[in-house]
Amino acid sequence: MAVLEIVMDPAPVLRQGTQPVTEFDDALQQLIDDMLETMYAVNGVGLAAPQIGNTLRLAVMDVSMERNEPVVLVNPEVVESRGRQLMAAGCLSVPGAYDKVERAEWVKVKAQDRHGNWFEIEGEGLRSECLQHEIDHLDGTLFLDHLSPLKQRRLREKMKKTLKARKRRKS
Ligand SMILES: [Zn+2]
């Protein structure tokens, strides 16, 4: 397994959308394991393939407190949603930038597991926000897109400062 480098906004790969996974082969298993390892290494609740520079329709998430409930979402789609909620949002590809985003309160998602078996997952609160956030990524959408142009500008400034501070720490 390997920790992969996370792609930052405004990388084009975050915007180009994804293609369905059709081969559930060893390469896919390796990719899924690497994405899980990467997500846990950076303490994220979710990670979508475009965030590591890959354009397959694939994401992983874990919204549990104990960090021991990994969910693999291959070819996920929202099939039902209800209500609206304002939820705090952030993104590994937009580090240091946080705001509230309005999303469906409850969603049901249909997806395949790592071996190609279809299943359904539903949830509200953080689980709902995370499912919608990751599926957005697979469609080339960032949480910033749900905010006003003014807020987007402010958050991108925050992100630049965060990245600069990171660089300083490393050098
Ligand atoms: Zn994200």
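**View 1. The surroundings of Gln-112 in a predicted model.**
Gln-112 touches residues from elsewhere in the chain. Leaving aside its neighbours within four places in sequence, Gln-112 is in contact with Phe-24, Val-72, Leu-73, Val-74, Asn-75, Asn-117, Trp-118 and Phe-119. Gln-112 itself belongs to strand 4. Its relative accessibility is 9%. Buried means under 20%, so Gln-112 counts as buried. A polar atom of the Gln-112 side chain lies 3.0 Å from the backbone oxygen of Gly-116.

**View 2. An open sheet of 5 strands.**
The strands follow the order 1-2-3-4-5, and their pairing is antiparallel. Strand 1 (46-48) and strand 5 (118-124) stand at the edges. Each has a single partner strand, so one side of each is left without a neighbour in the sheet. From one strand to the next, the twist averages 30°.

**View 3. The pairing of strand 3 with strand 4.**
Strand 3 covers residues 71-89, and strand 4 covers residues 99-112. The two run antiparallel and are joined by 12 bridges. Look for Glu-77: Lys-110 in strand 4 stands opposite this residue.

**View 4. Helix 1 across the sheet strands.**
Helix 1 spans residues 26-41. It lies across strand 1, strand 2 (58-61) and strand 3. Its direction makes an angle of about 40° with strand 2.

**View 5. The largest nonpolar core.**
This core has 15 residues. Ile-32, Met-35, Leu-36, Leu-47, Leu-58, Val-60 and Val-72 touch the most other members. Helix 1, strand 2 and strand 3 each supply at least two residues. Helix 1 gives the largest share, with 6 residues. Now pick out Leu-47. Leaving aside neighbours within four places in sequence, its contacts include Ile-6, Met-35, Ile-52, Val-60, Leu-92 and Glu-134. A second, separate core has 11 residues, among them Met-61, Ala-104, Val-109 and Ile-121.

**View 6. The zinc ion and its protein donors.**
The donors are Cys-91 (SG), His-133 (NE2) and His-137 (NE2). They lie 2.0 to 2.3 Å from the zinc ion. Along the chain, the donors follow the spacing C-x41-H-x3-H. Cys-91 sits in the loop between strand 3 and strand 4, while His-133 sits in helix 2 (residues 125-138). The pair therefore ties together parts that are 42 residues apart in sequence. Both Cys-91 and His-133 are buried.

Technical notes: Residues numbered from 1 in each chain as written. Predicted model: local features only at pLDDT ≥ 70, side-chain atom pairs only at ≥ 80, totals over all residues. Heavy atoms only, no water. Pairing = 2+ DSSP bridges. Helix = DSSP H or I, 4+ residues; strand = E, 2+ residues; numbered from the N terminus. Axes fitted to C-alpha atoms, helices over the stretch in contact; angles between N-to-C directions. Contact = heavy atoms within 4.5 Å. Buried < 20%, exposed > 50% of the residue type's maximum accessible area, 1.4 Å probe, protein only. Polar contact = N/O pair within 3.5 Å; in protein donor to acceptor, adjacent residues only side chain to side chain. Donors = N, O, S within 2.8 Å, 3.2 Å for Na, K, Ca; no water. Core = buried A, V, L, I, M, F, W, Y, C linked by side-chain atoms within 4.5 Å.
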